[in-house]
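Reader: I'd like to learn how to read a structure like this one, feature by feature. Could you walk me through it?

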Amino acid sequence: MADSERFSYEGLFSKNSVAVGGRGSAPRPKYDFAVAYPDPETLPLDGLASSLKEALDREGKDLAYYPDPAGLPSLRRLVAEKLTRDRNMKVDQDDVVLTSGSGEAIGMLIQALTDPGDVVLTEEFFYLGTMRQMRRFGTDVVGVKCDYEGIIPQELEATLERQAGLGKKVKYLYTIPTFQNPLGWTMTLERRKQVLDITRRHGIPVIYDAAHAFGVTVNSQPIGTFGDVTMFSFHATKPFHTIEGGCLVFADSGLKAKFEALKRAGCSIARSPADLGLSLKASLKR
Ligand SMILES: Cc1ncc(COP(=O)(O)O)c(C=O)c1O
């Protein structure tokens with residue numbers, strides 16, 4: 001199509017839209033120390049191809065239907081069994097929603113829990129992808145000071161009191177206690193207990209970004225659950241991975257229904273009688 005015939009979107013982009021591009025489309029340097037890419041030679045491509053063939057032979061015809069919005073039940077069961085076995089998390093498949101990575105999981109979580117102006121506590125420096133999602137939903141992000149053992153409990157307490165003094169209720173704490181990005185530490189067990197104790201006293205849920213923690217042990221110890229909602233990444237840039245994917249794990253299964261709706265429709269707004277009328281009209285027209 002000639003340039004003169006193309007429609008120009010200049011001036012039409014929403015304020016929320018971000019620049020197209022990013023790491024995926026940039027030329028690849030030989031060594032990139034900003035992202036933990038694995039050695040491409042280590043990817044088990046033959047095994048992947050034969051597993052895919054086996055799965056397609058067995059269940060390929062199911063692809064004709066919409067999938068379960070929470071993700072493939074057998075894979076959710078496997079995730080739940082692994083978390084129970086390795087991390088003592090006591091979850092079952094109904095507590096797990098599969099996502100395309102923890103980026104999607106974080107986005108859904110922030111969308112589900114945040115109204116513009118809501119105060120959310122985080123570590124003083126945290127993962128850029130989450131920061132962008134929080135900005136997108138108008139979050140008032142408040143950083144809590146950390147040292148090499150994690151969030152400093154006295155600072156957390158003082159921050160909560162400061163916010164209460166301003167008449168603001170903190171909505172939740174978002175933390176990356178294992179292999180914190182970008183600070184690099186793993187929060188000690190003692191600190192995790194102290195942080196949980198404070199947030200419980202103040203009635204604040206903990207959102208645990210465990211992107212780098214699936215199947216990982218620290219000082220030979222499996223790291224137990226910490227958050228009320230925990231997200232894991234299975235992306236190739238993480239220590240234990242299936243090349244792609246991620247999941248949300250809920251300590252409270254009641255939350256899962258909300259996320260199934262978000263996954264299915266991108267929003268969880270209840271259908272009104274007017275919506276029902278519209279879709280009936282649309283189906284009668286067909
Ligand atoms: C702390 C943290 N959370 C989330 C993500 C995003 O994970 P994914 O690659 O599954 O989208 C990253 C990426 O490195 C991360 O460091």
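Reader: Let's begin with a helix. What span should the 13 residues of helix H5 have, and what is the distance between its end C-alpha atoms?

Author: Happy to help, and please keep in mind that this is a predicted model. Helix H5 covers residues 153-165, and at 1.5 Å a residue it should span 18 Å. Its end C-alpha atoms are 18 Å apart, so the two values agree.

Reader: Which residues of H5 are buried, and which are exposed on the other side?

Author: Leu156, Thr159 and Leu160 are the buried ones. They sit on the same side of H5, because they cover an arc of only 100° around the axis. On the other side, Gln154, Glu161, Arg162 and Gly165 are exposed.

Reader: What do the buried residues of H5 pack against?

Author: Their partners are strands E2 (119-123), E3, E5 (150-151) and E6 (170-175), together with helix H6 (189-201). Just after H5 comes Gly167, with a positive phi of about 80°.

Reader: H6 is a partner there, so let's read that helix too. How far does H6 reach from its first C-alpha to its last?

Author: H6 has 13 residues and reaches 18 Å, close to the 18 Å expected at 1.5 Å a residue. Its buried residues are Arg191, Arg192, Gln194, Val195 and Thr199. Seen down the axis, these fall within an arc of 165°, so they line one face of H6. Glu190, Lys193, Asp197, Arg200 and Arg201 are exposed on the other side. The buried residues of H6 pack against E5, H5, E6 and strand E7 (206-209). After H6 comes Gly203, whose phi is positive, near 70°.

Reader: Now a single residue. Is Lys145 buried, exposed or partly exposed, and why?

Author: A residue is rated by how many other C-beta atoms lie within 10 Å of its own: 20 or more means buried, 12 or fewer means exposed. Lys145 has 13, so it is partly exposed. Lys145 lies in the loop between strand E3 (140-144) and strand E4 (146-147). Leaving aside neighbours within four places in sequence, Lys145 is in contact with Glu124, Ile152 and Glu155. Lys145 and Thr159 are 14 residues apart in sequence, with their C-alpha atoms 9.3 Å apart in space.

Reader: And the interior as a whole: how many residues are in the largest nonpolar core?

Author: The general idea is that in soluble globular proteins, nonpolar side chains tend to be buried together. Here the largest nonpolar core has 42 residues, and those with the most contacts inside it are Val96, Leu109, Ile207, Met231, Phe232, Cys247 and Leu248. Helix H3 (residues 102-113) gives the largest share of this core, five residues. Not counting residues up to four places away in sequence, Val96 touches Arg76, Val79, Ala80, Val91, Cys247 and Val249.

Reader: How many helices and strands does the chain have?

Author: There are eight helices and 11 strands. Of the 286 residues, 27% count as buried. Among contacts between residues at least 6 apart in sequence, 61% join residues at least 24 apart.

Reader: Last one, and close to my own work: which residues are closest to the ligand?

Author: The closest are Gly101, Gly103, Asn181, Ala211 and Ser233, out of 13 residues that surround the ligand. By class, that shell has three nonpolar, nine polar and one charged residues.

Methods: Residues are numbered from 1 along each chain as its sequence is written. A residue is near a molecule or strand if its C-beta atom, placed from the backbone, lies within 6 Å of it. Ala, Val, Leu, Ile, Met, Phe, Trp, Tyr, Cys and Pro count as nonpolar, Asp, Glu, Lys and Arg as charged, and the others, Gly among them, as polar. Helices (H or I, at least four residues) and strands (E, at least two) are DSSP runs, numbered from the N terminus. Two residues are in contact if their C-beta atoms, placed from the backbone, lie within 7 Å. The expected span of a helix is 1.5 Å times one less than its number of residues. The arc is that of the directions from the helix axis to the C-beta atoms. A nonpolar core is a set of buried Ala, Val, Leu, Ile, Met, Phe, Trp, Tyr and Cys residues joined through C-beta atoms within 7 Å.
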